[in-house]
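User: I have a structure open and would like to work through it step by step. Could you take my questions one at a time?

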Amino acid sequence: MHFALVTAPTITEFRTQEEIASRAVQQAALQPQLGILSVAAVLEAEGDCPHVFDVNAEYLRFATAVGTGRIDEFAHHLADTVVRANADVYGFSSICSTFPLSLRVARAIKEIRPYSTILFGGPQASVVDEKVIGSFPFVDFILRGEAEKSLPILLRELQGDYQFAQVPGLTFRDGQTVRRTPNAPVIEDLDSLPPPSYHLSSYLHGAKSASIELGRGCPFSCTFCSTNDFFRRRFRLRSPDRVLAEMRSIATTYGIRHFELVHDMFTVDRKRVVAFCEAMQASGEDFTWDCSARTDCIDEELLQQMSASGCRGLFFGIESGSVRMQRIIDKDLDPTRAQEMLRVSEQLGIRTTASLITGFPEEEWSDVRDTLKIYMQSARCSLSHPQINLLAPLAGTPLHTNHAHELVLEDHCSDMSHQGLGSSEQDLELIRAYPQIFPNFYMIPSPALDREILFELREFLGMSVEHFRWLLCAIAQVEDILKFHESWQAWRLSHCGPMTKSDLRRYYASHNCRSDFLEFVSTSFAHRNDVIMTLVQVQQALSLSSATDADAATPFAPSSSDKEPEAAYLAPGVTLLDLGFDLDALIRSLREGSPSHPECGRSYYATRISSGGGAKLVRISPFLSDALRVGMAGSDLDLQRYVARALQISDEEAVEGTTRALKSSLLQDRWIVAGTVTG
């Protein structure tokens, strides 16, 4: 019996060429899906050679070939591609955000090959299994939870007596009745599973990192999270030896030495974390790795050991900065400790992601303010990435169960399920028709909060940290962020008018928004604070540098002689800044959250175009700053006079030679460029 396995898409919500071409989407498309590859390894052990269809890769190929104008045809295109495997069983993985698309593809496959078997697994299908089987006749089976042990049992029944009641964790249709067998037991010994079949995909070819499953199971019961519904609450880890063996195999085959260790709760068992770190150090392999952690399950000593053994990145699911909300959602983290762990990680050179959620039904604006304190602590850490998400009621969670009767569908209710700028009308038809299957696309009302403000706040903060991190940090020291956002929102409405959520997303991703933001800050806030004014100057110079026309060069020390056929020009993208603060010292004070800033003192900077095409800021000497300014404003003779005065050279011939050498050096270092004199 031959299987075709179809991955759960993660980028198909991005529907414009600009989105699809973005670095973030291109990188997301390369993330391996370990669940499918683990199932593929089991099927190979059973004697099959399954086809693995990478939906993300196929989506990128399709969008490139036909353009985004025909993107709604992708489901049928993918079905046509997948059926070429001539499989007996088409097995689909599932996640909440793209479950509608996966179902549409499955339906199209069933129309083309009506006698094939459609099997679903994965987190989303597992928690809405009965409703899916009861609502969609083209879905034959759903194998719930961990499938590596139960799939071979199902395979044998499909090849034999069709005694499906013998298959643990199976939901199926028996005539007009939906039947559900008891859950399969969790897989206690994860080392007993074969390594994922990486060779059946192209994920690791040319990749800079590889994902490795470290463990399963979460002992906690956060009301909004679905992790322990799928992997259950039984906490399990693979042995360090097994993880190291897989790392070595991947390094040998693909040349990869950095690994994403997949397990939400790795740091729950301190002794086993220490054992893993010791094994990593003793291996002598010099591998590096990232993982997820709870901020109450680590401390400075453990972080030091993790760093020494190769840890370079941590994902912290902090969720809320409010003590009250931490209790309500059963997360029970200490926000103060969370901020401290962000600070310690920064000191150790460990990158962090601080993941936060807002929009809980019990939440109030005071809770949002507390959450923004965590957000800004993360923003003050150069190596940290703060993210704030709008709550999505995930199927099967206590949050969804308690509020299922309150769900409301609006445009972009949650960025967790509507990541892209637009939505597929075909998906929306399913979402509207089956709210209990797709609750993550809905919202639970938050009576004390304005959802429109929350949505724009999320977009605003993401844009600000990406493009104006230190300016936002400086503003946060003198202004409440919510009040600042309120002022910005009023300014935006007066200048741009009201927008739909989709339009807002496009706006916040645009250069226009960044220009508007700088204009708003410079006219409304910069006068209040010298630090803000300085950082606005820097950002304006960087924006000007990025937007510089390569042909619009500034004349540099034009010659007074008619005999010179060549002139020099200030290189495109070079903008000079004479600032009242040392920026390095200023950013250090912002990073530390210090209310006092370094003493004023002149410092000199310039913007330049980097090798990647963007603008960068570099510190320059007072001599170079003045030489470039004199060169822009005057003639060769003015530049010679400046050189003579600054370098205290009295000999006229030496001055001319030094000035020529200076211009030659400036040309070589691309501060200025040569061009032909015209006119």
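Analyst: The model is predicted, and the questions below go through a helix, some charged pairs, the nonpolar cores and a set of strands.

User: How far does helix H4 reach from its first C-alpha to its last?

Analyst: Helix H4 covers residues 55-66, which is 12 residues. At 1.5 Å a residue, the expected span is 16 Å, and the helix comes close to that. Its reach from the first C-alpha to the last is 16 Å.

User: Which residue caps the N-terminal end of H4?

Analyst: The cap is made by a side-chain oxygen that lies 3.1 Å from the backbone nitrogen of Asn56. At the other side, H4 is followed by Gly67, with a positive phi near 85 degrees. The residue that caps the N-terminal end is Asp54.

User: What covers the buried residues of H4?

Analyst: The buried residues of H4 are Val55, Asn56, Ala57, Glu58, Tyr59, Leu60, Phe62 and Ala63. One of them, Phe62, also belongs to a nonpolar core of 59 residues. The cover over the buried residues of H4 includes strands E1 and E2 and helices H1, H2 and H5.

User: Is Asp129, which forms a salt bridge with Arg144, buried or exposed?

Analyst: The side chains of Arg144 and Asp129 meet at 4.0 Å, N to O. Arg144 is in the loop between strand E5 and helix H9 while Asp129 is in helix H8, so the pair ties together parts 15 residues apart in sequence. Arg144 has 5% relative accessibility and counts as buried. Asp129 has 3%, and the limit for buried is under 20%, so Asp129 is buried.

User: How many residues apart are Arg236 and Glu146?

Analyst: The side chains of Arg236 and Glu146 meet in a salt bridge of 2.9 Å, N to O. Arg236 is in strand E10 and Glu146 is in the loop between E5 and H9, so the pair links distant parts of the chain. Both residues belong to a network of salt bridges with Glu148, Glu213 and Arg216. Arg236 and Glu146 are 90 residues apart.

User: How does Asp296 count: buried, partly exposed or exposed?

Analyst: Asp296 forms a salt bridge with Arg294, at 2.9 Å, N to O. Arg294 has 4% relative accessibility and is buried. The value for Asp296 is 32%, and partly exposed lies between 20% and 50%. Asp296 therefore counts as partly exposed.

User: Which helix gives the largest share of the largest nonpolar core?

Analyst: In general, nonpolar side chains in soluble globular proteins tend to be buried together. The largest nonpolar core here has 119 residues, and Val521 is one of those that touch the most other members. Leaving out residues up to four places away in sequence, Val521 touches Leu471, Ile475, Phe484, Ala526, Ile532 and Val536. The largest share of this core is 14 residues, and they come from helix H19.

User: Why is strand E19 described as largely enclosed by the rest of the structure?

Analyst: Five bridges join E19 to strand E18, antiparallel, with Thr575 opposite Thr607. Five bridges also join E19 to strand E20, again antiparallel, with Thr607 opposite Leu617. E19 is largely enclosed because, of its seven residues, the number buried is six.

User: Which residue in the hairpin of E19 and E20 takes a positive phi?

Analyst: The hairpin has five residues between the strands. The phi in question is near 100 degrees, and the residue is Gly613.

Definitions and conventions
Residues are numbered from 1 along each chain as its sequence is written. This is a predicted model: local features need pLDDT of at least 70, side-chain atom pairs count only at pLDDT 80 or more; totals for chains, interfaces and linings use all residues. Side-chain values use heavy atoms; hydrogens and water are left out. Helices (H or I, at least four residues) and strands (E, at least two) are DSSP runs, numbered from the N terminus. The expected span of a helix is 1.5 Å times one less than its number of residues. Buried means under 20% relative accessible area, exposed over 50%, partly exposed in between (1.4 Å probe, protein chains only). Contact means heavy atoms within 4.5 Å. A polar contact is a pair of N or O atoms within 3.5 Å; within protein, one must be able to donate a hydrogen and the other to accept it, and residues adjacent in sequence count only if both atoms are side-chain atoms. A nonpolar core is a set of buried Ala, Val, Leu, Ile, Met, Phe, Trp, Tyr and Cys residues joined through side-chain atoms within 4.5 Å. Two strands pair if DSSP finds at least two bridges between them.
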